[in-house]
Amino acid sequence: MVKEMTNEAYHIPVMLNECIEGLNIKENGTYVDLTFGGGGHSREILKHIGPQGKLYVFDQDSDAANNIPDDERCLFINHNFKYIKQFLQFLKAIPVDGILADLGISSFQINEKDKGFAHRLDGPLDMRMDQNATLSAADIVNGYDEKALLDIFNYYGEIKNAFKLVKEILTYRQQHKIESIAAFKEAIASCIPPREESKYLSQVFQALRIEVNNELKALETMLENTPDVLAIGGRLVIMSYHSLEDRLVKNFLNTGNIKGEVIKDHFGNKQSVFKIITKKPVAPSEEEISRNKRARSAKLRIAEKI
Ligand SMILES: C[S@@+](CC[C@H](N)C(=O)[O-])C[C@H]1O[C@@H](n2cnc3c(N)ncnc32)[C@H](O)[C@@H]1O
């Protein structure tokens, strides 16, 4: 039995109807929610599948386990979604009829001071989604060399004054260890544009978060495994929140590989793994954005395995 609960305090699910439509749910199908979080999307999937349906949900943050519905059709896997194939193989769940990923972090994670994701809260400079992971944002700013830091802020954050930012971090850390968000903000204070403080810090924090959680590599590995996991006609539904993720998803859906290299057969015909269902990414409605600010940068792409 599904225990009905709304969990909007944890996270408001983004483009809920669009994701459910995208999954094209079969009554007794098997589905995977790779980013369970508050379980908003999962609970809706459970409403659409029948008694023989099955839902496997992943989240690397063990706090998400507090949201597991009381429903025997749903199994929670507290691991990184890059292991999708291994877990589903072990559980004899392959092939599946649909996979959903709603990338990034939940509102709960952002609002938890101790997780250290939010520049407006003074928590530890942590940013690990997986409590068992060893690398924190503090380890990066205190330990990485100049080149490695520059790469992170240039590539993951697209920070315009990355060179100055890194210089300030290197200077500050000669005197003090940077362990809290407040100390980090003090270290980089002279780099923050006065009228764009929040935007700038969001980009800097995003860059660190991507590195801490190795987010792009996990996304690549997960995407590369999806063709082996999906049934023919199975749906892949991915929602991303920044251009680095969206580019990977777009390339992969279009070509079946991460680099986006078009592969042709002997006759010059393009070889495809997926039929693209959304030629352009789907964006949330104005109404949804006004209700839920966090939805504003979401891009949804849907494809079907052929
Ligand atoms: C945007 S939230 C998902 C919210 C969810 N759709 C809902 O409606 O509540 C993303 C969740 O995915 C998890 N996550 C992100 N990357 C992950 C990864 N590589 N493996 C497993 N979980 C991941 C995060 O811990 C977070 O709880």
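This note sets out, point by point, the main features of a predicted model for a reader new to it.

1. Overall division. The protein is split into two domains. Domain 1 is made of two stretches, 16-107 and 215-305, while domain 2 covers 134-212. Taken over C-alpha atoms, the centres of domain 1 and domain 2 are 31 Å apart.

2. Surroundings of the ligand. The ligand is surrounded by 21 residues, and those that come nearest are Pro 13, Thr 35, Gly 37, Gly 38 and Gly 40. Sorted by class, this shell holds 11 polar, 7 nonpolar and 3 charged residues.

3. Nonpolar cores. The largest nonpolar core has 44 residues, and the members that touch the most other members are Leu 34, Ile 99 and Met 239. Strand β5 supplies the largest share of this core, with 5 residues. A second core, separate from the first, has 31 residues, among them Leu 125, Val 141, Ile 169 and Cys 191.

4. Contacts of Met 239. Residues up to four places away in sequence are left aside here. On that basis Met 239 touches Val 14, Met 15 and Cys 19, then Ala 101, Asp 102 and Leu 103, and also Ala 298, Lys 299 and Leu 300. Of these partners, Cys 19 is also one of the buried residues of helix α1.

5. Helix α1. This helix spans residues 16-23, and its buried residues are Glu 18, Cys 19, Gly 22 and Leu 23. Because these buried residues fall within an arc of 135 degrees when seen down the axis of α1, they line one face of the helix. They pack against the strands β1 (30-33), β4, β5 (230-240) and β7 (299-305), and against helix α2 (40-48). Just after α1, Asn 24 adopts a positive phi of about 50 degrees.

6. Helix α6. Residues 146-156 form this helix, in which Leu 149, Ile 152, Phe 153 and Tyr 156 are buried. Viewed down the axis of α6, the buried residues lie within an arc of 105 degrees, so they line one face of the helix. On the other side of α6, Glu 146 and Lys 147 are exposed. The packing partners of the buried residues are α7 (162-175), α9 and α11 (243-255). Just after α6, Glu 158 takes a positive phi of about 50 degrees.

7. A cis peptide bond. The bond from Ile 94 to Pro 95 is cis, and its omega is near 5 degrees. Pro 95 sits in the loop between α3 (84-90) and β4 (96-102).

8. Positive phi in two loops. Although Met 127 is not a glycine, its phi is positive, at about 75 degrees. Met 127 belongs to the loop between α4 (107-111) and α5 (137-143). Asn 214, likewise not a glycine, has a positive phi of about 50 degrees. The loop that holds Asn 214 runs between α9 (197-212) and α10 (215-229). As to burial, Met 127 counts as buried because it has 27 C-beta neighbours inside 10 Å. Asn 214 has 15 such neighbours inside 10 Å and therefore counts as partly exposed.

9. Gly 50. This residue is placed in the loop between α2 and β2 (54-58). With 11 C-beta neighbours inside 10 Å, Gly 50 counts as exposed; a residue is classed in this way if 12 or fewer such atoms lie within that distance. Leaving aside residues up to four places away in sequence, Gly 50 touches Glu 27 and Asn 28. His 79 is 29 residues from Gly 50 along the chain, and the C-alpha atoms of the two are separated by 26 Å.

10. Asp 246. This residue is part of helix α11. Asp 246 has 20 C-beta neighbours inside 10 Å and so counts as buried, the class that applies at 20 or more. Its contacts, not counting residues up to four places away in sequence, are Ser 240, Pro 281 and Lys 299. Between Asp 246 and Val 166 there are 27 Å, C-alpha to C-alpha, and the two are 80 residues apart in sequence.

Note on methods: Residues are numbered from 1 along each chain as its sequence is written. This is a predicted model: local features need pLDDT of at least 70, side-chain atom pairs count only at pLDDT 80 or more; totals for chains, interfaces and linings use all residues. A residue is near a molecule or strand if its C-beta atom, placed from the backbone, lies within 6 Å of it. Ala, Val, Leu, Ile, Met, Phe, Trp, Tyr, Cys and Pro count as nonpolar, Asp, Glu, Lys and Arg as charged, and the others, Gly among them, as polar. Domain bounds come from an automatic or database domain assignment. Helices (H or I, at least four residues) and strands (E, at least two) are DSSP runs, numbered from the N terminus. The arc is that of the directions from the helix axis to the C-beta atoms. Two residues are in contact if their C-beta atoms, placed from the backbone, lie within 7 Å. A nonpolar core is a set of buried Ala, Val, Leu, Ile, Met, Phe, Trp, Tyr and Cys residues joined through C-beta atoms within 7 Å.
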